[in-house]
Amino acid sequence: MILHFTLNGQATRVECDPDRRVVDLLRQDLGLTGVKEACGAGECGACAILLDGVPRLSCLLLAAQLAGHEVLTIEGLAGGEAPHPLQEAFARAGAVQCGFCTPGMVLASHALLARQPRPSRQEIAQAIAGNLCRCTGYHKIIDAVRLAAGLSEDDS
Amino acid sequence: MTWPRPHLQLGLPPRPDALDKASGREKYACDFYPPGLLWAGVKRAGVPHARLRGLNLAAARALPGVTAVLAAADVPGVNRQGVVQKDQPVLVDDKVRYSGDALALVVASDQATLARALALIETDLEPLAPVLDPEEALLPGAPLVHPERPQGNLLLEGRVTTGQGAAALEGCAVVVEASFDLPRQEHAYLETENGWAQMGQDGRLTMVASTQTPFRDRLEVAEVLGLEPGRLRMVAPYCGGAFGGKDGVTVQSLLGLAALHAGGRPVKMWLSREESILASSKRHPARLRYRLGSDDQGRLQALEARIIYDTGPYDHLGGAVLTLGLEHAAGPYRIPHVDLHGQAVYTNNPIGGAFRGFGVPQVAAAMEQTMDLLATRLGLDPLELRRQNALKRGDVNPVGVTLAGSTGLAQCLEAVAGHRQWKEAPAWRAAAPAGQRRGVGLAAVLHGMGYGPVIPDVANAKVELTGEGVFRVYCGVVDMGQGNAGTFLQLAGLVLGQEAEGLELVLPDTDRTLPSGSSSASRTTYTFANALLPAAQALKERLLARAADALFATPAEMALVPGAVRHRPSGRTLPLAQLAKMLSPEERTATHRYRAPVVPERPSADPALQLHGLPHGVFSYAVHLARVEVDELTGLARVTGYLVAADCGQVLNPQVWEQQMQGGVAQGLGYALMEELPAPAGQPQHTDLATYLIPTALDLPPIECLAVPSWEESGPLGLKGCGEIGIDGPLPAVGNALAQALGRHLPQAPFTPERVLMALQEDGKGAGS
Amino acid sequence: MRPVLLPASLEELWPLMRDHPGAAFMAGGSDLLVRLRQGLVDPPAIIGLEGIAELGLVHDEAPGWLFLGAGASHTALLEHSLVQRRLPLLAQALAVLGSPLVRNQGTLGGNLGTASPAGDTLSPLYALEAQVELRSATGSRRLAIADFILGPGRTALQAGEIIYGAWVPLAQDWSLAHFEKVGLRQALAIAVVSLAALISLDDGGVVREARLALGSVGPTVVRPRQAEQALLGRPLDAASLKAAARLVRQEVSPIDDPRASAHYRRQVAGNLLLRLARPAD
């Protein structure tokens with residue numbers, strides 16, 4: 001099928017099978033390898049993208065479902081010359097180790113901050129609970145989201 | 001798009017790799033899809049023990065889009081691989097020894113065709129009785145995993161005795177005894193095993209793989225393929241996690257074989273999560289029996305430990321894992337009489353291999369819970385008991401090695417003793433709400449560094465001033481996520497006086513970087529930085545001298561500054577780019593080889609134990625504290641607070657150090673609370689991340705880390721390794737906290753709600769009874 | 001390659017269903033696409049329901065009823081003010097279902113259609129005595145949820161029908177609405193046992209009505225009627241709850257699986273009742 005959708009702000013036209021997994025479409029066909037795959041079954045969150053602003057699992061989406069919609073991947077988050085503040089905060093707070101969960105974590109955090117600009121540690125943990133990380137113990141990921149939100153350790 | 005490069009100051013964030021990873025730009029091995037890509041995959045046995053009578057590959061070969069279907073006879077070199085003993089077939093030729101064994105390899109034009117072709121392969125397997133219990137495997141008449149081995153199913157047996165050994169227990173005022181059963185743990189790195197490879201027109205095979213060991217892989221794959229190692233180039237990008245699971249060949253031999261049959265096209269192989277769980281190595285399940293004796297004051301006198309590790313069908317690194325366990329079995333204490341006995345046993349279960357901790361978490365679980373049993377028996381405070389027996393510098397450790405280097409356990413104990421989480425523990429416990437029990441548990445642990453006395457623990461560093469005047473650091477050892485590559489860049493910058501703009505990094509590549517061993521064994525930064533610092537220093541001295549010559553000055557008058565060499569008295573500068581043009585490529589490059597020191601003691605005369613790493617001389621130390629809350633209605637145990645105080649020598653970068661502590665603790669808490677991969681009938685019971693559970697963000701407490709720095713003379717800038725000490729303590733700390741809450745230790749981990757609730761009910765204390 | 005059909009309305013849906021017999025329905029895909037990956041299903045076509053706006057509706061236009069569209073995602077339900085205000089029991093369950101990513105993906109209709117005894121929305125819907133509306137090209141029918149779900153993975157859905165939504169009666173204000181899920185971790189967990197409880201107390205603190213629904217302790221969600229009965233007319237104290245818990249343990253029929261033993265499930269199914277104890281005034 002010919003698929004039309006908006007990808008990282010750009011009108012995109014691509015020919016693909018309608019039942020192609022979106023993670024494969026993005027990684028293999030469109031080269032957006034910041035979208036990771038680690039389980040293929042919706043259990044880890046590494047493949048998260050924003051679909052119309054909502055974090056979704058690209059391993060559980062089919063290409064046809066994108067028609068007419070807006071997709072944001074980690075590559076499109078900064079949208080310019082400088083890193084997005086969340087990316088900067090993840091780097092600064094030490095939230096990145098192997099980094100394989102990081103794109104999904106950043107996007108899940110981005111969606112959280114869009115609806116809750118001053119999240120507590122518990123709210124952050126809840127928001128990223130579907131994104132598995134095997135390296136960090138999550139502590140510094142939560143720190144990073146707080147840092148991006150302009151919150152210090154002492155703010156509740 | 002160019003983004004500003006982060007500044008690079010040793011000790012300060014951010015890690016230089018962090019922003020590329022957070023932006024999705026970093027290319028892991030799995031992120032390459034070169035044009036013309038073929039896909040490779042294998043048919044796995046699915047049964048734990050069987051004779052391979054035949055394979056029918058005709059239908060798979062006939063499928064359009066299939067490039068090649070290969071079996072054992074197609075392996076051109078030696079069809080056996082392994083780090084220590086080559087006992088694992090690349091493709092099964094005689095019999096299946098575990099359900100993840102590979103039978104046939106398919107190369108196809110796309111993933112869908114690959115899947116169809118694999119499904120078309122018919123296997124003719126004659127089932128054999130499997131051996132699944134390591135103790136039964138040692139009984140006469142047990143089915144043999146490798147019938148040709150004279151030692152039967154015993155991979156390695158080791159014994160270390162000191163003083164009067166176990167006989168000294170007779171004279172102890174108090175003896176406690178306990179048994180422990182520890183689970184198989186899955187690494188669950190997020191990036192599953194993968195790579196891509198291509199045979200070039202020049203007859204050289206290039207392979208990019210997610211691996212901890214590119215140089216060793218090259219030798220192994222070359223042997224399998226019957227190629228000279230020089231015809232292979234292995235490239236190792238940043239790993240999406242590894243934790244020991246990529247120490248040794250995973251897909252590499254298969255991928256190399258596929259590339260030989262791909263007509264020069266690139267071939268990719270990437271295990272699904274399900275296949276990764278089925279086929280990959282795991283932390284060894286263990287059974288341990290401990291008897292620990294002390295005098296009536298709590299001075300440890302004697303320990304007897306009996307240790308059995310289920311190593312699965314292949315050696316992998318099982319012998320080395322057992323040996324490190326044996327060496328650490330008595331914990332960080334002075335014990336004059338020990339009898340430590342361990343066996344690693346072949347079974348038809350999943351492969352036991354390297355996993356962060358490398359045999360130590362199991363023995364630490366046993367020793368530290370036994371210590372609490374002893375403290376309870378003696379009526380002593382558990383921290384006091386540990387304080388009293390803690391190894392200090394100059395002591396002889398339980399396996400007979402003099403601790404000549406930094407030994408900071410006592411300081412770690414003091415740090416915990418003075419910390420709020422310990423001091424407030426009694427009040428916190430007493431404040432447990434109705435229906436909840438609370439406990440606070442400790443564990444003291446140590447972790448040796450490096451390969452031991454026989455296998456050279458060597459790194460070769462290389463630093464180059466490029467023709468453009470930038471310093472290039474050739475990182476010979478993989479960064480699997482722990483940040484060592486960035487640390488190397490920062491160290492080079494420190495010596496060479498450069499900022500980020502003046503430095504670049506080459507990740508491990510057998511054509512470009514120099515062999516520096518594995519990213520493992522808490523040795524990565526210790527060993528490589530010990531090579532890197534002198535290499536950078538040598539280059540610096542050469543550049544200062546050559547610049548001085550050019551400016552008619554003396555080297556002492558010169559300084560390396562960002563981008564230039566400056567003549568300090570006059571302020572004249574010679575840009576590095578200009579200096580580089582005055583030098584030959586050889587002159588612009590410095591290398592240094594470092595081999596870690598070995599200790600002279602030999603706790604065992606057994607050459608096999610020495611080969612497998614006994615003993616070590618440099619250890620990191622830590623004390624772990626866990627606060628645990630137990631729900632009486634469900635048995636759910638939650639860790640609500642955690643503290644680790646660790647002596648890892650000097651801390652070069654506090655944030656990276658904390659990352660290692662928190663990450664190790666997180667995996668250790670998974671091991672304590674929820675992670676286990678049983679294999680009834682030799683089949684992993686959990687097949688994916690929906691059923692094999694690792695902690696989510698809601699399962700882990702804040703993890704407080706206290707650096708208790710010492711100065712390790714042998715370490716680069718005084719540091720010791722910090723990659724594993726974090727995972728050794730959580731299980732016993734949680735176990736001891738639970739024991740305090742429940743009034744008894746649980747013999748079997750992980751401490752699932754069911755096991756906890758049953759313990760509550762057996763005591764007749766459960767709220768629901 | 002298989003076609004993926006995304007009708008924008010029910011009117012578009014019916015002919016597609018007729019023309020593609022054997023097609024699989026997909027709401028969020030969190031179940032279907034996993035089973036597809038596992039090779040458990042191989043449908044000739046997939047009909048996605050996400051484009052049908054009316055399936056995503058939540059409203060209280062019918063007096064005494066709250067309608068929850070089958071296509072509403074768990075997140076949409078959780079964040080909906082009507083659900084939060086009128087169905088706190090369901091909201092509690094939705095809050096611990098899967099993870100935010102799973103909740104963004106999965107739908108109520110998917111949970112109903114999958115008919116797993118561990119489905120997190122199901123025990124609340126049993127306690128609420130919800131009805132499931134099925135639609136076809138020719139009509140509509142409503143079944144009590146207990147009549148809709150027949151067993152693990154089995155429902156009364158007929159060929160040609162889709163799950164349209166759930167109707168939840170808003171009969172009364174409950175004194176206590178309590179949901180608890182016991183899983184092996186705090187997110188992305190499949191229930192080992194879940195309890196949905198609705199209790200109505202009179203002014204004296206005596207139980208007037210009790211509805212209990214337990215997940216993961218039988219082939220479908222279990223309503224332990226004897227335990228419910230036993231609570232009637234008694235205060236919600238430890239003694240009455242312990243008595244009811246004993247009955248619960250008799251009324252459930254759990255099995256062993258890799259997550260937990262039948263023994264544990266039975267024990268905890270009863271234990272969870274004790275969480276309902278209210279301190280005496």
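In this predicted model, chain B carries 67 positive and 79 negative charges, and the mean positions of the two sets are 4 Å apart. Chain A has 13 positive and 17 negative side chains, with 5 Å between the centres of the two sets. In chain C, 26 positive side chains stand beside 26 negative ones, and the two centres lie 7 Å apart.

**Overall dimensions and surface**

The table sets out the extent of each C-alpha trace along its principal axes, together with the accessible surface.

| Chain | Extent along principal axes | Accessible surface | Share from carbon and sulfur |
|---|---|---|---|
| Chain A | roughly 55 × 30 × 25 Å | about 4,900 Å² | 47% |
| Chain B | about 80 × 75 × 50 Å | about 23,900 Å² | 53% |
| Chain C | about 60 × 45 × 30 Å | about 11,100 Å² | 51% |

**Chain B**

The secondary structure of chain B consists of 21 helices and 26 strands. Its radius of gyration is 27 Å, close to the 27 Å that the globule rule gives for 769 residues, so chain B is as compact as a globular protein of that length. Of these 769 residues, 67% count as buried. Among the contacts in chain B with a separation of 6 or more, 79% are made by residues 24 or more positions apart.

The domain assignment divides chain B into three parts: domain 1 (32-128 + 193-270), domain 2 (286-452 + 602-762) and domain 3 (458-595). Domain 1 and domain 2 are thus each given as two segments of the sequence, whereas domain 3 is given as one. The C-alpha centres of domain 2 of chain B and domain 3 of chain B are separated by 39 Å. The contact between them takes 19 residues from domain 2 of chain B and 17 residues from domain 3 of chain B.

Two local features of chain B may be described in detail. One is helix H6 of chain B, which covers residues 252-260. Eight of its nine residues are buried, so the helix is largely enclosed by the rest of the structure. The buried positions begin with Gln252(B), Ser253(B), Leu254(B) and Leu255(B), and continue with Gly256(B), Leu257(B), Ala258(B) and Ala259(B).

The other feature is Ala73(B), which is found in the loop between strand E3 (66-70) and strand E4 (95-96) of chain B. This residue has a relative accessible area of 77% and is therefore exposed, the cut-off for that class being over 50%. Ala73(B) and Val92(B) are 19 residues apart in sequence, and their C-alpha atoms are 9.4 Å apart in space.

**Chain C**

Chain C contains 12 helices and 13 strands. A compact globule of 281 residues would have a radius of gyration near 19 Å, and the 19 Å found for chain C agrees with this. Buried residues make up 57% of the 281 residues in the chain. Residues 24 or more positions apart account for 59% of the contacts in chain C with a separation of 6 or more.

Helix H1 of chain C spans residues 10-19, and its buried residues are Leu10(C), Leu13(C), Trp14(C), Leu16(C) and Met17(C). The partners against which these buried residues pack are five strands of chain C: E1 (4-5), E2 (24-26), E3 (46-48), E6 (131-136) and E10 (161-169).

**Chain A**

Chain A has six helices and five strands. Its radius of gyration is 15 Å, close to the 15 Å that the globule rule gives for 156 residues, so chain A is as compact as a globular protein of that length. Along the sequence, the elements of chain A follow the order β-β-α-β-β-β-α-α-α-α-α. Of the 156 residues, 67% count as buried. Contacts between residues 24 or more positions apart form 54% of those in chain A with a separation of 6 or more.

Two domains are assigned to chain A, namely domain 1 (2-77) and domain 2 (85-148). Their C-alpha centres lie 21 Å apart. At the contact between the two, 17 residues of domain 1 of chain A meet 11 residues of domain 2 of chain A.

Methods:
Residues are numbered from 1 along each chain as its sequence is written. Chains are lettered from A and ligands numbered from 1 in the order in which they are written. This is a predicted model: local features need pLDDT of at least 70, side-chain atom pairs count only at pLDDT 80 or more; totals for chains, interfaces and linings use all residues. Side-chain values use heavy atoms; hydrogens and water are left out. Buried means under 20% relative accessible area, exposed over 50%, partly exposed in between (1.4 Å probe, protein chains only). Helices (H or I, at least four residues) and strands (E, at least two) are DSSP runs, numbered from the N terminus. Contact means heavy atoms within 4.5 Å. The radius of gyration is taken over C-alpha atoms; the globule rule is 2.2 Å times the number of residues to the power 0.38. Accessible areas come from the Shrake-Rupley method with a 1.4 Å probe; for residues, only the protein chains shown count as cover. Lys and Arg count as positive and Asp and Glu as negative; His and the chain ends are not counted. The place of a charge is taken as NZ of Lys, CZ of Arg, CG of Asp or CD of Glu. Domain bounds come from an automatic or database domain assignment.
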